[in-house]
Amino acid sequence: MAQDLPPGPIIIADWHLCAESKDFFNRILQKKKRRQFGLLESPMMAPHVAVETVQYKVFLSGKSGVGKTCLAARLAGLSTPSMHYETTGIETIVLYWPVKLRENGRVLFFRLQLWDCGENALRRFDHLLPSCKEQVDAVLFLFSFTDRTSFDDLPNQIARWSGPSDQLVKMVVGTKFDLFMHSDVTQREVRQFQETQGLPVLRTGGEVSDGLGDVAPFLNCLAERLWHQDCMAATLPSGPTHYREGALI
Ligand SMILES: Nc1nc2c(ncn2[C@@H]2O[C@H](COP(=O)(O)OP(=O)(O)OP(=O)(O)O)[C@@H](O)[C@H]2O)c(=O)[nH]1
Ligand SMILES: [Mg+2]
């Protein structure tokens, strides 16, 4: 997943491949699979290893059936549903991802809470969108390569999230890229969209493997943008807001 993404300047892209990262990545694994974290759980490091945790809320937006629930499961290392079961309300998944900052070698645990709300439920119940928008840090706008209307719907999806003071990381994700033989959207159109909207487009699809390499480019790209947004906010009078108080774990 996440092809065509040049490594960013902030986060070390292939850190999960370095021997020194093993101790950190082992904390998010259990029996070689991704460990599932409850709302109050977090990775535990040895007492002498101080790692800060930064937490963010990430909303998944897109037409029904584009693959929001699948993407959330994929990023968290869960098995993805093979059938489409409409999500009837809001579902959240918490995942942790360690990163190393290029500039000073600091290691951070990113705690991402993914908010997945069924598109039909969102349209039916007016109170859901305000909850999803509350203190949100990033929105992933999904379209499916096999559903032209989901690509055409992107400007509407994006408009829902534009505001005067939007401090929001925005990324577009093309799902079902594994079904490119049946693609309704050309690469040229995706490139054009990327240029006119000025948003990065990631591509996902295919079998979910247990390995970290599958999700690393995606999660590093997201972490990089979230961290950059925080650094920019730190220059404002209100300062950054995402350090978990006393999160030296
Ligand atoms: N081949 C392939 N199938 C996918 C992919 N992503 C999702 N699907 C399939 O698409 C269908 C719909 O995916 P969901 O994740 O349930 O869709 P959703 O966006 O959550 O839909 P709502 O909850 O109704 O809003 C399921 O049958 C998935 O297995 C992908 O990347 N590749
Ligand atoms: Mg769903």
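Strands pair if DSSP finds at least two bridges between them. Helices (H or I, at least four residues) and strands (E, at least two) are DSSP runs, numbered from the N terminus.

The model is predicted: local features need pLDDT of at least 70, side-chain atom pairs count only at pLDDT 80 or more, and totals for chains, interfaces and linings use all residues. Residues are numbered from 1 along each chain as its sequence is written, while chains are lettered from A and ligands numbered from 1 in the order in which they are written.

**View 1. The open sheet of 6 strands.** The strand order is 4-5-3-6-7-8, with mixed pairing. Strand 4 (90-100) and strand 8 (201-203) each have a single partner strand and stand at the edges, so one side of each lacks a neighbour in the sheet. On average, neighbouring strands are turned by 30° against each other, direction ignored; axes here are lines fitted to C-alpha atoms, for helices over the stretch in contact, and angles run from 0 to 180 degrees between N-to-C directions.

**View 2. The edge formed by strand 7 and strand 8.** Strand 7 (residues 169-175) runs parallel to strand 8 and is joined to strand 8 by 3 bridges. Across this pair, R203 in strand 8 lies opposite G174.

**View 3. Helices packed on the sheet.** Helix 2 (residues 68-76) touches strand 3 (52-61), strand 4, strand 5 (107-117), strand 6 (138-144) and strand 7, and its direction makes about 160° with that of strand 5. Helix 8 (residues 216-234) touches strands 3, 4, 5, 6, 7 and 8, with its direction at about 165° to that of strand 7. Contact means that the C-beta atoms of two residues, placed from the backbone, lie within 7 Å.

**View 4. The hairpin of strand 4 and strand 5.** These antiparallel strands are joined by 11 bridges, and P98 has F109 in strand 5 as its bridge partner. Between the strands are 6 residues, and G105 takes a positive phi near 75°.

**View 5. The shell around ligand 1.** Ligand 1 is surrounded by 23 residues, of which S64, G67, T69, T87 and G205 are the closest; a residue is near a molecule if its C-beta atom, placed from the backbone, lies within 6 Å of it. Helix 2 and helix 3 (119-124) each supply at least two residues of this shell, and helix 2 gives the most, with 3 residues.
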